[in-house]
Amino acid sequence: MRHKPNTKKSQRERRHARVRALIKGTPARPRLAVFRSNRFVSAQLIDDTAGKTIAAAHGREFTGSQSIQAAAVGAAIAKSASALGISAIVFDRGGYRYTGQIKALADAAREGGLAF
C-alpha cells in the first residue's frame with residue numbers, strides 16, 4: 001500500500017475532487033470555479049456539458065490588497081455573466097475555505113447580480 005502525502009495542496013485537491021463529484025455546470029447555470037494562488041485569485045464561468053469556459057477574470061488586472069483584488073474579480077465576472085444573459089450560477093470554491101478572498105469574491109459576484 002502506498003503512502004499518500006498529507007500536504008495542504010493534496011488535502012485541498014481531495015476536497016475539490018469531492019465537491020466536483022457533486023457540482024456540474026450547465027449552459028443555463030454555469031459553474032463559477034475559483035482558483036487562488038499566493039499572489040492572485042482568478043475565476044471562470046464553465047459550462048461542463050460542453051467543456052467550455054464562458055467567461056474569466058484574473059486578479060492581476062486589478063490593484064490593491066488580495067481581498068480587494070478578489071472583490072474586483074467577483075464584480076468583473078458578474079458583469080461578464082450579465083452581458084451573456086446569465087443570472088444564476090453554481091459556486092465552486094475549489095476546495096478552499098469560505099473566508100477572506102473566496103468570501104470577498106462571492107459577495108461581490110452576488111452584489112453584481114449573480115444568484116447562488
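## A tour of the sheet, its helices and the Phe91 cluster

Begin by selecting helix H2 (66–83), which lies across S1, S2 and S3 and runs at about 25 degrees to S2. Keep in mind while looking that this is a predicted model.

Next, add helix H3 (100–111) to the selection. H3 packs on the sheet as well, where it touches S1, S2 and S4. The direction of H3 makes about 145 degrees with that of S1.

**The sheet**

Now hide the helices and show the strands. The open sheet is formed by 4 strands in the order S3-S2-S1-S4, with mixed pairing. At its edges stand S3 and strand S4 (90–92); each has a single partner strand, so one side of each is left without a neighbour in the sheet. On average, neighbouring strands are turned by 20 degrees against each other, direction ignored.

Select S1 (31–36) and S2 (41–47) together. These two strands pair in the antiparallel sense over 6 bridges, and a hairpin of 4 residues joins S1 to S2. To check the register, pick Arg31, which stands opposite Ile46 in S2.

Move on to S3 (52–58). S2 and S3 also pair in the antiparallel sense, over 6 bridges. Two positions are useful for following this pairing: Ile46 stands opposite Thr53 in S3, and Ala43 stands opposite Ala57 in S3. The hairpin formed by S2 and S3 has 4 residues between the strands. Select Gly51 in that turn to find a positive phi of about 70 degrees.

Before leaving S2, switch on a surface. S2 is mostly covered, with 6 of its 7 residues buried.

**The core**

Show side chains next. The largest nonpolar core has 22 residues. Select Leu32, Leu45, Phe91 and Leu105, the residues with the most contacts inside this core. At least two core residues come from each of strands S1, S2 and S3 and helices H2 and H3.

**Around Phe91**

Centre the view on Phe91. Is Phe91 buried or exposed? Its relative accessibility is 15%, and buried means under 20%, so Phe91 counts as buried. Leaving aside neighbours within four places in sequence, Phe91 is in contact with Ile23, Leu32, Val34, Tyr98, Ile102, Leu105, Ala106 and Phe116.

Two of these contacts deserve a closer look, because the structure holds 2 aromatic pairs and Phe91 takes part in both. Select Tyr98 to see an edge-to-face pair with Phe91: the distance is 6.3 Å centre to centre, and the planes are 90 degrees apart. Tyr98 is partly exposed, with a relative accessible area of 32%.

Then select Phe116, which forms a stacked pair with Phe91 at 5.1 Å centre to centre, with 20 degrees between the planes. Phe91 lies in strand S4 and Phe116 in the segment after H3, so this pair ties together parts that are 25 residues apart in sequence. Phe116 is partly exposed, at a relative accessible area of 28%.

Display Phe91, Tyr98 and Phe116 at once: ring pairs link them into a cluster.

**Last stop**

Which residue lies over the face of Phe116? Select Arg110, found at 4.2 Å from the ring centre.

Note on methods:
Residues numbered from 1 in each chain as written. Predicted model: local features only at pLDDT ≥ 70, side-chain atom pairs only at ≥ 80, totals over all residues. Heavy atoms only, no water. Core = buried A, V, L, I, M, F, W, Y, C linked by side-chain atoms within 4.5 Å. Buried < 20%, exposed > 50% of the residue type's maximum accessible area, 1.4 Å probe, protein only. Contact = heavy atoms within 4.5 Å. Pairing = 2+ DSSP bridges. Axes fitted to C-alpha atoms, helices over the stretch in contact; angles between N-to-C directions. Phe/Tyr/Trp six-rings, centres within 6.5 Å; stacked < 30°, edge-to-face > 60°. Lys NZ or Arg CZ within 6 Å of the ring centre and 35° of its normal.
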